[in-house]
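Please open the model in a viewer and follow the stops below in order. Each stop proposes a selection and then describes what is found there.

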Amino acid sequence: MLSVWLPIRTIWWREIIRFFRQRSRLLSAIAQPLLFWILIGSGLNESFKPTGTSNQQAYTEYFYPGIVVLVLLFTAIFATISVVNERREGFLQNVLVAPVPRWSIVLGQTLGGITLALIQGVLLLGIAPIIGIKVGLISILTTIGVMILIAFSFTNLGLLIAWRMDSTQGFHAIMSLILMPIWLLSGAIFPLAGTPSWLAWVMKLNPITYGLAAFRHSLYLDSHITFTELPTLMISILVCIVFSLLTYTGAVLTASTQQL
Amino acid sequence: MGEHKRIVVDCLTHNYNTRCALDNISFNVASGEVFSLLGPNGSGKTTLFKILSTRISPTSGNVKILGFDLNTQKKAVRKLIGVVFQNPGLDTKLTVNENLRHQGHLYGINSKNLNNRIVELLDRFDIADRKNDIVEELSGGLKRRVDLAKALLHKPKVLILDEPSSGLDIGVRIQLSQHLKELATQENIPILLTTHLLDEAEGCNRVGILDKGRLVAIGTPDQLKSEISGDVVIIESESCQTLAEGIKDRYDVQVVSEDNRLRIETTNAHEFVRDIVTAYPNKIKAARFGKPTLADVFIKMTGNAFD
């Protein structure tokens with residue numbers, strides 16, 4: 001058993017060390033979403049009232065869960081993009097010729113990504129009481145659980161892409177064409193209700209919609225506010241678990257079949 | 001196939017789609033010897049390295065490492081080989097010590113054994129005082145030493161290196177070459193490296209010359225050079241074409257022309273040079289002769305200049 005966990009632990013640990021030695025990463029993963037939140041949130045606060053939501057929220061409050069999810073997404077992207085270069089020249093080459101199964105390499109990288117996402121996610125949870133969201137122990141614990149699931153699937157989604165890419169430019173292209181749109185269409189900046197039906201369908205098929213719904217539900221558990229227009233907490237969490245398993249399987253398969 | 005043949009490459013062929021990168025290659029490497037694969041860019045040595053380091057599977061043929069088949073027993077082979085890549089496989093944000101610990105953990109080495117092994121290797125490569133330095137602050141030569149220490153951490157039974165001296169200056173290169181020879185004899189392991197540098201290949205026990213995916217010659221540097229009879233004469237001239245034809249007609253020698261130079265193998269070089277300088281007084285800019293080098297062997301075997 002030791003022989004399997006030791007490599008996973010060491011790959012996880014490397015991700016953490018690297019992160020803290022690259023200060024710019026911490027800044028860029030948190031600062032950009034926060035800036036979005038302050039600028040877009042303040043700009044739209046007066047003119048935009050989310051329709052179909054069961055409680056009257058200010059836009060900054062509506063936008064807040066979306067921003068936390070964006071931080072999770074950015075963290076996953078920054079944690080996985082290094083795979084592109086390290087696989088061809090540098091550190092990962094050594095890992096690939098070591099007697100370590102690919103699934104454990106991917107698991108180590110994923111656990112690293114989750115830890116980094118959680119550190120930043122929990123920091124951001126500190127903002128919730130400031131903007132008037134009442135969070136108690138149950139809210140916090142459930143929200144952290146949901147964040148783990150979202151970070152797990154984002155990191156694996158990042159790995160799934162990064163293990164295939166030959167250049168970081170390619171990764172950036174995928175990021176703008178796929179990763180950002182799935183965040184935009186998850187209910188992060190506008191709710192599903194009131195969108196044209198084709199868009200509503202896209203949003204309903206988007207797994208991150210359920211991640212965000214689970215996040216909203218869990219954040220307001222202690223405030224006893226329910227969101228009837230969203231998929232229920234149970235269904236959302238179920239979708240998140242399925243999506244996490246799918247992305248992990250995809251990432252392991254990609255890492256196992258890639259040569260070079 | 002004696003017990004001492006630790007790397008056995010048998011009829012190895014590799015194609016990328018329709019392009020043939022390796023064409024029916026066979027050779028052995030024994031314990032205690034440093035074997036180099038010498039070839040210019042595109043000769044197939046990187047492909048061969050990728051196969052030996054278990055990163056790609058060959059189209060056909062097989063490789064046995066200590067009797068384990070590379071195609072079917074990858075995991076067993078991975079435990080046995082130490083690999084050094086062209087670009088140091090180090091995490092530049094980690095310290096020397098952290099890099100080594102990480103490597104140890106990948107190979108399942110536990111704390112106490114790992115600590116002892118790290119101290120031993122840091123001493124061997126004379127980098128103990130740099131162990132807490134972040135790798136990106138180290139020079140190319142030092143990085144290479146850390147890289148070597150890392151590859152040896154799990155006591156591999158076979159060491160393979162891809163262009164280990166690329167980016168190193170000549171002094172460090174000679175040091176590296178000595179290190180590898182000592183290592184091969186002390187640990188009694190076979191070491192295989194790829195290189196495009198003639199001086200590096202000269203320093204190895206045996207050399208295999210690769211050209212366009214074929215192994216065109218194999219032997220000790222001296223054996224290879226003895227295939228050339230006598231000396232090599234180099235003549236520089238503005239009118240190589242006519243000069244080459246004239247010399248071929250007049251003497252019974254093989255003439256290879258490259259750019260503004262002619263290369264001729266002959267036994268009585270000093271008399272030959274005297275004769276042709278007299279015979280073609282205005283056509284020769286410079287003439288010199290010397291003992292053959294591996295570059296001459298390469299030209300003889302392939303008909304192309306080594307570059």
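## Stop 1: a helix pair in chain A

Begin by selecting helix 2 and helix 3 of chain A; from helix 2 the residues A:Arg25, A:Ala29, A:Ile30, A:Gln32, A:Pro33, A:Phe36, A:Trp37, A:Ile40, A:Gly41, A:Ser42 and A:Leu44 meet A:Tyr59, A:Thr60, A:Phe63, A:Tyr64, A:Ile67, A:Leu70, A:Val71, A:Phe74, A:Thr75 and A:Phe78 of helix 3. Sorted by class, this contact between helix 2 and helix 3 of chain A holds 15 nonpolar, 5 polar and 1 charged residues. The model is a predicted one, which applies to every stop of this tour.

Now show the full span of both helices, residues 23–44 for helix 2 of chain A and residues 59–88 for helix 3 of chain A. Their axes come within 9 Å and cross at roughly 155 degrees. Helix 2 of chain A is therefore roughly antiparallel to helix 3 of chain A, angles over 145 degrees being counted in that way. The crossing of helix 2 of chain A past helix 3 of chain A is right-handed.

## Stop 2: a loop residue in chain A

Next, select A:His224, in the loop that runs between helix 10 (207–219) and helix 11 (233–257) of chain A. The phi angle of A:His224 is near 55 degrees, which is a positive value in a residue other than glycine. Is A:His224 buried or exposed? A:His224 is exposed, because 7 other C-beta atoms lie within 10 Å, and a residue with 12 or fewer is counted as exposed.

## Stop 3: where the chains touch

Display both chains and select the residues in contact across them: 24 residues of chain A are in contact with 22 residues of chain B. On the side of chain A that touches chain B, the elements that give two or more residues are helix 1 (2–21) and helix 4 (91–97) of chain A. Of the elements on this side, helix 1 of chain A gives the most, with 10 residues. Colouring the side of chain A that touches chain B by class gives 12 nonpolar, 7 polar and 5 charged residues.

## Stop 4: chain B as a whole

Hide chain A and view chain B in cartoon form, where the secondary structure comes to 11 helices and 14 strands. Along the principal axes, the C-alpha atoms of chain B fill a box of roughly 75 × 45 × 35 Å. Chain B has 307 residues, and buried residues make up 42% of them. Among the contacts in chain B with a separation of 6 or more, 69% are accounted for by residues 24 or more positions apart.

To see the division of chain B, colour residues 5–225 as domain 1 and residues 229–291 as domain 2, following the domain assignment. How far apart do the C-alpha centres of domain 1 and domain 2 of chain B lie? The separation of the two centres is 40 Å.

## Stop 5: a helix pair in chain B

Within chain B, select helix 3 (residues 96–106) together with helix 4; the two pack at an angle of about 135 degrees, with their axes 10 Å apart. Helix 3 and helix 4 of chain B are therefore oblique to each other, and their crossing is right-handed. Show side chains for the contact, which is made by B:Asn97, B:Leu100, B:Arg101 and B:Gly104 of helix 3 and by B:Leu114, B:Arg117 and B:Ile118 of helix 4 of chain B. By class, the contact of helix 3 with helix 4 of chain B has 3 nonpolar, 2 polar and 2 charged residues.

## Stop 6: the loop after helix 4 of chain B

Move on to the loop between helix 4 (111–124) and helix 5 (140–152) of chain B, and select B:Asp126. Phi of B:Asp126 is near 60 degrees, a positive value in a residue other than glycine. B:Asp126 is exposed, because 10 other C-beta atoms lie within 10 Å.

In this loop between helix 4 and helix 5 of chain B, also select B:Ala128. B:Ala128 counts as partly exposed, with 14 C-beta neighbours inside 10 Å. Setting aside neighbours within four places in sequence, B:Ala128 is in contact with B:Leu122 and B:Asp123. A distance drawn from B:Ala128 to B:Leu106, 22 residues apart along the chain, gives 22 Å between the C-alpha atoms.

## Stop 7: the loop before strand 7 of chain B

Finally, select B:Lys155, in the loop between helix 5 and strand 7 (158–162) of chain B. B:Lys155 is exposed, with 12 other C-beta atoms within 10 Å. B:Lys155 and B:Asn97 are 58 residues apart in sequence, and 17 Å separates them from C-alpha to C-alpha.

Note on methods. Residues are numbered from 1 along each chain as its sequence is written. Chains are lettered from A and ligands numbered from 1 in the order in which they are written. This is a predicted model: local features need pLDDT of at least 70, side-chain atom pairs count only at pLDDT 80 or more; totals for chains, interfaces and linings use all residues. Domain bounds come from an automatic or database domain assignment. Helices (H or I, at least four residues) and strands (E, at least two) are DSSP runs, numbered from the N terminus. A residue is buried if 20 or more other C-beta atoms lie within 10 Å of its own, exposed if 12 or fewer, and partly exposed in between; C-beta atoms are placed from the backbone. Axes are lines fitted to C-alpha atoms, for helices over the stretch in contact, and angles run from 0 to 180 degrees between N-to-C directions. Angles under 35 degrees count as roughly parallel, over 145 as roughly antiparallel, 65 to 115 as roughly perpendicular and the rest as oblique. A crossing is left-handed if the near helix is turned anticlockwise from the far one by less than a right angle, and right-handed if clockwise. Two residues are in contact if their C-beta atoms, placed from the backbone, lie within 7 Å. Ala, Val, Leu, Ile, Met, Phe, Trp, Tyr, Cys and Pro count as nonpolar, Asp, Glu, Lys and Arg as charged, and the others, Gly among them, as polar.
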